[in-house]
Amino acid sequence: MTELQERLQTMANETFGVDVQAMRDGASYEEMGVDSLMLIEFAIDMQREFDMPMEDGELKAKFTIAETAELLTSKGAAA
Amino acid sequence: MTQTADRPSARAVFHAAVTGIGLVTPAGIGELENWAQVCAGVSTAATDPALAGLQVDFSCRIPQFDADELLGRKIAWRIARFVQLALIAARQAVASAGLDSQTWEGDRIAIVVGNSLGGTQTMEDQQSRFLEEGAKMVSPMTIPAAMMNMVAGHLAIDLAATGPSMVTATACASGTTAIGLARSMLRSGECDIVIAGGAESALSQTAMATLSKMGALSQRSSEPRSACRPFDAARDGFVAAEAAGFLVLERMSEARARDAPIRALVSGYGAASDAHHPTMPHPDGAGIERAMRTALNDAHLDGTEIDHVNAHGTSTPLNDSTEAAAVRRVLGQRPAVTSTKGVTGHTLAAAGAIEAAYAVLAIEHQMVPPTANLDHLDPLVELDIVTGEPRPMPVAAAMSTSLGFGGHNAALVITSASA
């Protein structure tokens, strides 16, 4: 697991109480019960944490933590 | 107590059974902790780091309340603090009533919660974010977290209660209004059990600055513990507080049928409006007097039959003298009067609910808690105010009074189940 994925996991767990094991197991946000409002909130947190803009809807409910890390990396975040 | 037929009430008295109590207040988390603290008569007010820099920088918070620990982060992050307090207090109430939300018939369970200011801290935090970082960074949870009605919505979710759920908003009378409405709902038969109470946590900087500017708050920042002094000649305002309190109410027949603990009865309710001024009470206390008389009539009791009053007693110069005069006119000088706000501070919309719960406990313990910080009784207050030590005494019937901004007045009569 990359350092970025670890950071995202910690953020999701500490801020929203998302289950760490489920994230490690590769569950998507929708599978973990993350609803649309929570997803927007998480995207806002990422913009602040990584200081990069994100468009509404860019973070998708079908994403896993690994796919989220890929999105951020493609936008310039360090892996 | 006598039940008279000569008063203008066409119907028989309806007693709603109080079968559960939940309290999360500055006096403690749980009814035992609350009762010990209010009987000790020691104020919970303290300097509040979150209010640093304000003229009034103290409040009554619930210092040991850890929402993440009590509710889990998954629930706690998306709800405002007044809802967090409400969830824990309501769960306590349901458990103490011997009920289980996993197995009850949810369609017959109603939720009625008093609230007045919603999630002020949430709104203020997001307003700051808006101004500093722009609209794009405002949380989508701002409105869902801060709306007043969400306290009822989240309680319904948490308790799988699919009957009617709603919020009552009569400012500082909201909790009393909620209990009065809950009793009416039981009387009408539209539900079998009501989780009724109040919740408030509005200790945010702008809210506190507003209350301070209004002249409503005590300015004793250098001595917070002695700031809330109901009925004292040197009182100068209330101390803002946060809390949630709930009663579980049921019809007597059903409570008996399931061998529920019937701890006391809500036997009367009255409400009236001042129609006088947005924030000042009617100078003659006409509204609270009518609310009290209506509640007595509803309970088929005479004023001389009330043993104890848990008064609104906010510690503001106007409220306490006006309310005291009304209590004197309606109930005379016999009842043992207290204001537990000397200990808890003023929990706004939660006040009526937690004070109704304290009245139930006073009946159960046959004990009236003292009014904290009452050193020199205001000569205008011609009442028997309990001060110093808690007073052991027979309490068969109690009244709880509430007055709110907007001129809302409400009163409950609570009686012993064993009388």
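Q: What share of the 79 residues of chain A counts as buried?
A: In this predicted model, 47% of them do. To count, a residue has to come in under 20% relative accessible area.

Q: What makes chain A as compact as a globular protein of its length?
A: Set two numbers side by side: the radius of gyration is 11 Å, and the globule rule gives 12 Å for 79 residues. Those values are close, so chain A gets that description. As for the box filled by its C-alpha atoms, think roughly 25 × 25 × 20 Å along the principal axes.

Q: What pattern does chain A follow along the sequence?
A: It reads α-α-α-α, with four helices and zero strands.

Q: How many aromatic pairs does the structure hold?
A: Three, counted over all chains. One of them is Phe16(A) with Trp77(B).

Q: Why is the pair of Phe16(A) and Trp77(B) called edge-to-face?
A: Start with the distance: the ring centres sit 4.6 Å apart, and the limit for a pair is 6.5 Å. Then the angle: the planes are at 80 degrees, and anything over 60 is edge-to-face. Both tests are passed, so the name fits.

Q: How do you know that Phe16(A) and Trp77(B) join two chains?
A: Just look at where they sit. Phe16(A) is in helix 1 (residues 3-16) of chain A, while Trp77(B) is in the loop between helix 3 (73-76) and helix 4 (81-96) of chain B.

Q: Are Phe16(A) and Trp77(B) buried or exposed?
A: Buried means under 20%. Phe16(A) has a relative accessible area of 2%, so it is buried. Trp77(B), at 13%, is buried too.

Q: What makes Tyr29(A) and Phe42(A) an edge-to-face pair?
A: Same reasoning. Their centres are 5.9 Å apart with 85 degrees between the planes, so they clear the 6.5 Å limit and the 60 degree mark.

Q: Which parts does the pair of Tyr29(A) and Phe42(A) tie together?
A: Tyr29(A) comes from the loop between helix 2 (20-24) and helix 3 (36-50) of chain A, and Phe42(A) from helix 3 itself, so the parts tied together are 13 residues apart in sequence.

Q: Why does Tyr29(A) count as buried?
A: Its relative accessibility is 2%, and the cut-off is 20%, so it counts. Phe42(A) is buried as well, at 3%.

Q: Which residues form one aromatic cluster?
A: Phe16(A), Tyr29(A), Phe42(A) and Trp77(B).

Terms used. Residues are numbered from 1 along each chain as its sequence is written. Chains are lettered from A and ligands numbered from 1 in the order in which they are written. This is a predicted model: local features need pLDDT of at least 70, side-chain atom pairs count only at pLDDT 80 or more; totals for chains, interfaces and linings use all residues. Side-chain values use heavy atoms; hydrogens and water are left out. Rings of Phe, Tyr and Trp (its six-membered ring) pair if their centres lie within 6.5 Å; planes under 30 degrees apart count as stacked, over 60 as edge-to-face and the rest as tilted. Buried means under 20% relative accessible area, exposed over 50%, partly exposed in between (1.4 Å probe, protein chains only). The radius of gyration is taken over C-alpha atoms; the globule rule is 2.2 Å times the number of residues to the power 0.38.
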